[in-house]
Every structure is written in structure tokens, then in C-alpha cells.
Amino acid sequence: MKKIKILLLVTIVISCDGNTDSKKNKFEYKAIEKKEDVLDKNSKETFIIINSNDLMKFDQNELRVFEGQKITLTLNHTGKMSKEIMGHNFVLLKKETNLNDFAQRAMLARENEYIPDGNETIAYTKMIGGGESDTIIFTAPEKGSYTYICTFPGHYGLMRGVLIVS
Ligand code: CU
């Protein structure tokens, strides 16, 4: 099994060789998607991987971390559609942020990748399209539940979840 995985990776590397950088980037996330999520309160770090797709879905709607942990979060877009049509991001909102109000204003902030002005987020990735990936690092806030959404117009109804900090 391990051999097969290595072979697959080699194939990906070879098939990317000589292509443009943008094509190479499309496969970058494959190298990290195997890393398993870690849930250990003694650990100072947690790695989270969330996949999103052409069906306007996150593959996780609940994430658990511990207060003060350094969170390395990777958002993958496993679909094929462009970011202009099926763009996704991961936007973690502060506790006091009003979800509907924020999401309405986000829809209008196209020139800023649908992140509205203001100090209402804890962290967010860039907007990505099919085959792309983005990783952010942030510190887990104080204990509580925090909403995360995709702010692409029309997506937050389906693309939302909660980060639970213990
Ligand atoms: Cu989206």
C-alpha cells in the first residue's frame, strides 16, 4: 500500500515536471492531505485540513481545538470549477460578529475576496478555486464556539461550521 502511494506521488511529480508553476500548485495539496488531524490538549499545535468541493460543501462542520493552540489550517478545493464560479474560503468569525449581517456585507466585498472591512474575523484563507489550496496559521481563541463560513456569494447557507475551543 505504501509503495502505491509513493508511486502515485512520483507520478504526480513527473506529470507536473516542466509545466507552469500554476499547474504545479494544483497538486501541492495532495502532499499534505494525508496528515491526520491531531486532537491533543497537551500539544501546542493542531493541524486541521478541510476539503471543499464543486457541490458547495465543506467536508467538516465541526472542528475541535484547545485554547491557545497554534492552529495550522489548510483549506483544499477538491473540485474543478474556477474561483470566479465556485470559489471557497474559510473565514472564522469573532464571537460577537453577527453572521447574517457579516455575510451580507461580504457579498459586496468582491474586490477584497469577499472579506468586508472591519475587525470581525479571527482568521481567514484566501479565496481558492478547484485544485487549489491555502494554509493559514492562527492562535486558538478563548474557550467557546466560533462560526466559520465561506463568504463567496450564496455559499454561507451551506458552507458553515463551528470551531469549538475547549
Ligand atoms: Cu464557497
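**Salt bridges and a copper site**

K70 has a relative accessible area of 37% and is therefore partly exposed, a value that, like every other one discussed here, comes from a predicted model. The side chain of K70 meets that of E45 in a salt bridge, with a distance of 3.9 Å from N to O, and this falls inside the 4 Å limit that defines such a contact. E45 belongs to strand β1 (residues 45–52) whereas K70 belongs to strand β3 (residues 70–77), so the pair ties together parts of the chain that lie 25 residues apart in sequence. E45, for its part, has a relative accessibility of 31% and counts as partly exposed.

This contact is one of six salt bridges that a search of the whole structure finds. Side chains of opposite charge can pair when their charged atoms come close, and a further example is provided by D101 and R105, whose closest N and O atoms are 3.1 Å apart. Both of these residues lie in helix α5 (residues 99–107), where a separation of four residues corresponds to about one turn of the helix. With relative accessibilities of 39% for D101 and 28% for R105, each of the two counts as partly exposed.

R105 also forms a salt bridge with E120, and here the closest N and O atoms are 2.4 Å apart. This pair links distant parts of the chain, since R105 sits in helix α5 while E120, 15 residues away, is in the loop between α5 and β5 (121–124). E120 has a relative accessibility of 17% and counts as buried, because the cut-off for that class is under 20%. Taken together, D101, R105 and E120 are linked in a network of salt bridges.

The remaining site to consider is that of the copper ion, which is coordinated by the ND1 atoms of H88 and H155, the SG atom of C150 and the SD atom of M159, at 2.1 to 2.8 Å. Along the sequence these donor residues follow the spacing H-x61-C-x4-H-x3-M, and of the donors, C150 and H155 are buried. The angles among the four donor atoms run from 79 to 131°, and the site is classed as irregular. The lower end of that range is what rules out a tetrahedral assignment, because four donors count as tetrahedral only if all angles lie between 85 and 135 degrees.

Terms used: Residues numbered from 1 in each chain as written. Predicted model: local features only at pLDDT ≥ 70, side-chain atom pairs only at ≥ 80, totals over all residues. Heavy atoms only, no water. Donors = N, O, S within 2.8 Å, 3.2 Å for Na, K, Ca; no water. Tetrahedral: all angles 85-135°; square planar, octahedral: opposite > 155°, others 65-115°. Buried < 20%, exposed > 50% of the residue type's maximum accessible area, 1.4 Å probe, protein only. Helix = DSSP H or I, 4+ residues; strand = E, 2+ residues; numbered from the N terminus.
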